[in-house]
Each structure stands twice: as C-alpha cells, then as structure tokens.
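Got a few minutes to walk through a fold together? Here's the model, and then some questions and answers about it.

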Amino acid sequence: QDERSAAHEKAAALEQLAAGVAHDFRNLLTVFLGYGGLLARRDDLPHDARKQAKDIVTAAEQGTALAKGLLEFAHPQTAPPAVLDLGAVAAEFMPVLKAAIGSKYKIQYTQPDELGQVFIEKGQFTRLLLNLAVNASEAMPEGGLVTIRLAPVKLTGNPSYLGRFVLLEVTDTGTGIDAETQRRMFDPYFTTKSKGTGLGLAIVRRIVDRVGGLIRVESSESKGTTFRVFFPRVGASTGGTALFPILPPQLGA
Ligand code: ADP
Ligand code: MG
C-alpha cells in the first residue's frame, strides 16, 4: 500500500515537472519556428541557407509535437464523456490512423453491425486506438499488418467483471513483448525505444481505468502481440452478443 502511494506521488511529481518543462520548451520553440520561418522565406539569402532554416523549422515542429504530447499526458483534456457507438467512431478515424502510421503498414479493420454503446469521450477513444496502433507499427519496423477488431463480448467468471463489453483488439506480428517489459510497460516514461516517450500505454491505461474497463495483453516473440481492451457497455440492448472465447487470464475463476 505504502509502496503504491509513494509510487503515485513520484509519478505525480514527475508529471508536474514534465508539464513545466514541456510548457517552457514549447514557448521557446515558437522563437525557432518564427525566425526560422522568416529566414526560410528570405530571397536575399543563398538557397542552402534557406534550406537550413527550413530544417530548423521542421525540427522545431517535431519538438512542439513532443511537448504537446507531454502536456496532454500531464493535463489531459477532460471533455464530458458521451454515449458512443465505437464502431462509427473507429470507422471515421481509420483514414487518420492510416496516415499516422504510414504507408509501410496495412490496416485490416473489422466490426460487426451490432456493437452496443459505450460511455466515453470520443477523443479519449481515438487517442487510445492511435497509441495502440502506433505501438503495433513500431513493433514491425519493416512494415506489416495491423489488425483492428471491434466485437461485442460477454465476460463471465469474475464477479467484478460480469456483463457485456465492447472488445477492441489491436494485433501485430512484430517483436513481441518480454515478461520484464510487460511488467513495466504501463508505467509513465517507461520505454525500450531510443526515441520513445514511454507515455503511450500510460495514457491508454488511464483512459481504460477512467471508463471502468479492462486491458489484457497476449504476446509471444514468434507471433507478435495482441492488446485487448474491454469497454463496459451501456443500455440493455441484447443483440449480437457473443461469449468471449478466451477468458482474459487474470479473470479466470
Ligand atoms: P513508447 O512507445 O514511447 O516506448 P509506450 O508506453 O507506448 O511508450 O510503450 C512502452 C513500451 O512497451 C515500448 O517501449 C515497448 O517496449 C512496449 N510495447 C508496447 N506495445 C508494444 C507492441 N505492440 N509490441 C512490442 N512492444 C510493445
Ligand atoms: Mg508508444
């Protein structure tokens, strides 16, 4: 218990610190963006100088995106949740997702007609989906297939998690995740990547916690990884619900 709250406090302090640095850093970068942009457009300068100014602007834009991510993590936008059809939201979001992970990757997306509804903020759901898909793509540096599936499921076996859920599955055929990484991967700032922020799964976890959902991982070094997120369904609609074939490991009675 004590260890837990100490860890919580440490994480909160780190978040504060990161947010402060990110904020100042982003403001500082506007100077690079502003003057870099002006220099890049000055036709009295030699071509290679303008090219270098353009590179400064590009780097400053990347830095701004990173700072924005850190700020978002430390101070998440808390728009009110709404009753959503995740299928419609996901379908609409697919083109954005494709563009975000790049043309080396194929996305196979399937959803049934009848899914049921979930009480969640739209931006939180798309953020979660994006983070999982980006991780899936990064596990396959040569490119490959990211499979995304939505399905209605019914969980049985654990009294805390009985009932109807919408399952989101994101599967890759990448490197897999070893046991030690699985133990720590949801910790803020934990990363095994040279350019990682370690915030992706921490954000995913927080979103899942907030809606009272569950997250489970199945991974092997030979086959790749599947992340499963279970969102609690709202309403009493009964159509199209199937039993989830494999009980998530920690739910077994
Ligand atoms: P980041 O992607 O910036 O490293 P994340 O929080 O998104 O941070 O992920 C933490 C770590 O979890 C990654 O560095 C990686 O080691 C591991 N990981 C997450 N998803 C996958 C995946 N689909 N395949 C392999 N490793 C993964
Ligand atoms: Mg990530």
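Quick ground rule before we start: two strands count as paired if DSSP finds at least two bridges between them. Also keep in mind that this is a predicted model.

Q: How many bridges pair strand E5 with E7?
A: Take E5 as residues 163–172. It runs antiparallel to E7, and one facing pair is Val170 opposite Phe227 in E7. The bridge count for E5 and E7 is 8.

Q: Which residue of E7 stands opposite Ser220?
A: E6 and E7 are paired too, in the antiparallel sense and over 7 bridges. A hairpin of 3 residues joins the two strands. Across from Ser220 in E7 you'll find Gly224.

Q: What is the bridge partner of Gln117 in E7?
A: E3 and E7, the latter spanning residues 224–234, pair over 2 bridges. They run antiparallel. The E7 partner of Gln117 is Val234.

Q: Which residue of E3 does Val83 stand opposite?
A: Strand E1 covers residues 82–84 and is joined to E3 by 3 bridges. The two are antiparallel. Opposite Val83 in E3 sits Phe119.

Q: Which residues of strand E3 point to the buried face?
A: In a regular strand, side chains alternate between the two faces of the sheet. E3, residues 117–120, shows such alternation: Gln117 and Phe119 point to one face and are not buried. The ones on the other face, which are buried, are Val118 and Ile120.

Q: How many of the residues in E7 are buried?
A: Buried here needs 20 or more other C-beta atoms within 10 Å of the residue's own. Across the protein's 253 residues, 25% make that grade. E7 is mostly covered, and of its 11 residues the buried number is 8.

Q: Which residues have the most contacts inside the largest nonpolar core?
A: In soluble globular proteins, nonpolar side chains tend to be buried together. The largest core here holds 42 residues. One of its best-connected members, Leu86, touches Leu115, Val118, Phe125, Leu150, Val166 and Phe231, leaving aside residues up to four places away in sequence. The full list with the most contacts is Leu86, Leu132, Ala133, Val166, Val170 and Phe231.

Q: Where in helix H3 does the kink lie?
A: H3 runs over residues 86–101, and its buried residues are Leu86, Gly87, Ala90, Leu97 and Ile101. After the helix comes Gly102, with a positive phi near 95 degrees. The kink, about 45 degrees, comes shortly before the proline Pro95, at Met94.

Q: What covers the buried residues of H6?
A: The buried set in H6 is Gly200, Leu201, Ala202, Ile203, Val204, Ile207 and Val208. Past the helix sits Gly212, whose phi is positive, near 70 degrees. The cover includes helix H2 (47–74), H4, strand E6 (214–220) and E7.

Q: Which residues come nearest to ligand 1?
A: There are 22 residues around ligand 1. Helices H4 (122–138) and H6 (200–210) are the elements that give two or more residues to that shell. By type, the shell splits into 8 nonpolar, 12 polar and 2 charged residues. The nearest are Asn135, Ala139, Thr191, Gly196 and Gly200.

Definitions and conventions
Residues numbered from 1 in each chain as written. Chains lettered and ligands numbered in written order. Predicted model: local features only at pLDDT ≥ 70, side-chain atom pairs only at ≥ 80, totals over all residues. Near = placed C-beta within 6 Å. Helix = DSSP H or I, 4+ residues; strand = E, 2+ residues; numbered from the N terminus. Nonpolar A, V, L, I, M, F, W, Y, C, P; charged D, E, K, R; others polar. Buried ≥ 20, exposed ≤ 12 C-beta atoms within 10 Å, placed from the backbone. Core = buried A, V, L, I, M, F, W, Y, C linked by C-beta atoms within 7 Å. Contact = placed C-beta atoms within 7 Å. Bend = angle between axes of the 7 residues up to and from the residue.
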